[in-house]
Amino acid sequence: MHLPEQGSLLRIFIGEADKHAGKPLYEWIVLQARGQGLAGATVLRGVMGYGANSRQIQTFKIERLSEDLPVVVEIVDSEENLEKFLDIIAPHISAGLVTMEKAWVKVYRFDKR
């Protein structure tokens, strides 16, 4: 697969407890991205945060383990592919934030093994 040098970065901010069909929403999003042939996706688990749905700070501390830590799904591909992908997944995000920004792709390689 080839990525243009001027790509885009899609960021999806959701909660760890968000679900789709009984599975974690972030997992469903990554599987959908792979199914759509997007270049790649990464899920990042936050150690602290809050959002529009919960003004209470969620944090990962021993004395107070949150069950709904923030999660960010990052996907890089062409803007056109990400817009199409967003049309598919947006209706399934009941609470969260989605951003898109320009990304200059400097290296994108894969092992042909």
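1. Let's start with a contact you can click on right away: Arg45 and Glu16 form a salt bridge, with 2.7 Å between the closest N and O atoms. (A salt bridge here is a side-chain nitrogen of Lys or Arg within 4 Å of a carboxyl oxygen of Asp or Glu.) The two residues are 29 apart in sequence: Arg45 belongs to strand 4 (residues 40-45), while Glu16 is in the loop between strand 1 and strand 2 (19-20). Glu16 is buried, at 19% relative accessible area. For reference, buried means under 20% relative accessible area, exposed means over 50%, and partly exposed is in between, using a 1.4 Å probe and protein chains only.

2. Before going on, a word on what you're looking at. This is a predicted model, in which local features need pLDDT of at least 70 and side-chain atom pairs count only at pLDDT 80 or more, while totals for chains, interfaces and linings use all residues. Residues are numbered from 1 along each chain as its sequence is written, and side-chain values use heavy atoms, with hydrogens and water left out.

3. Now the overall layout. The protein chain has two helices and nine strands, and from the N terminus the elements run β-β-β-α-β-β-β-β-β-α-β. (Helices are DSSP runs of H or I with at least four residues, strands are runs of E with at least two, and both are numbered from the N terminus.) Of the 113 residues in the protein chain, 31% are buried. Take the contacts between residues at least 6 apart in sequence: 75% of them join residues at least 24 apart. Contact means heavy atoms within 4.5 Å.

4. The sheet is worth tracing by eye. Four strands make an open, antiparallel sheet in the order 4-8-1-9. Strand 4 and strand 9 are its edges, each pairing on one side only. Ignoring direction, neighbouring strands are turned by 20° against each other on average. (Two strands pair if DSSP finds at least two bridges between them.) Strands 4 and 8 pair in the antiparallel sense over six bridges, and Val72 in strand 8 is the bridge partner of Leu44.

5. How do the helices sit on the strands? Helix 1 lies across strands 1, 4 and 8, at about 10° to strand 8. Helix 2 lies across strands 1, 8 and 9, at about 25° to strand 1. These angles run from 0 to 180 degrees between N-to-C directions, with axes as lines fitted to C-alpha atoms, for helices over the stretch in contact.

6. Which residues of helix 2 are buried? They are Leu82, Phe85, Leu86 and Ile89. They cover an arc of only 105° around the axis, so they are on the same side of helix 2; the arc is that of the directions from the helix axis to the C-beta atoms. An α-helix has 3.6 residues a turn, so residues three or four places apart point the same way. Glu80 and Asp87, on the other side of helix 2, are exposed. The cover over the buried residues of helix 2 includes strand 1, helix 1, strand 8 and strand 9.

7. On to the core. The largest nonpolar core has 16 residues, and Leu10, Ile12, Ile14, Ile29, Ile75, Phe85 and Ile89 have the most contacts inside it. At least two residues of this core come from each of strand 1 (6-15), helix 1 (25-35), strand 8 (70-77) and helix 2 (79-89). (A nonpolar core is a set of buried Ala, Val, Leu, Ile, Met, Phe, Trp, Tyr and Cys residues joined through side-chain atoms within 4.5 Å.) Ile12 makes a good place to zoom in: beyond its neighbours within four places in sequence, its contacts include Ile29, Val72, Ile75, Ile89 and Leu97.

8. Back to charges. There are six salt bridges by the rule used here. In one of them, Arg11 meets Glu74, with the closest N and O atoms 2.7 Å apart. Arg11 lies in strand 1 and Glu74 in strand 8, so this pair ties together parts 63 residues apart in sequence. Arg11 also has a salt bridge with Glu101, at 3.0 Å from N to O. That pair links strand 1 to strand 9 (residues 97-104), 90 residues apart. Arg11, Glu74 and Glu101 are thus linked in a network of salt bridges. Are these residues buried or partly exposed? Arg11 is partly exposed at 23%, as is Glu74 at 21% and Glu101 at 37%.

9. One last spot to check is Ser78, in the loop between strand 8 and helix 2. Ser78 counts as buried, at 16% relative accessibility. Setting aside residues up to four places away in sequence, Ser78 touches Leu3, Pro4 and Ser8.
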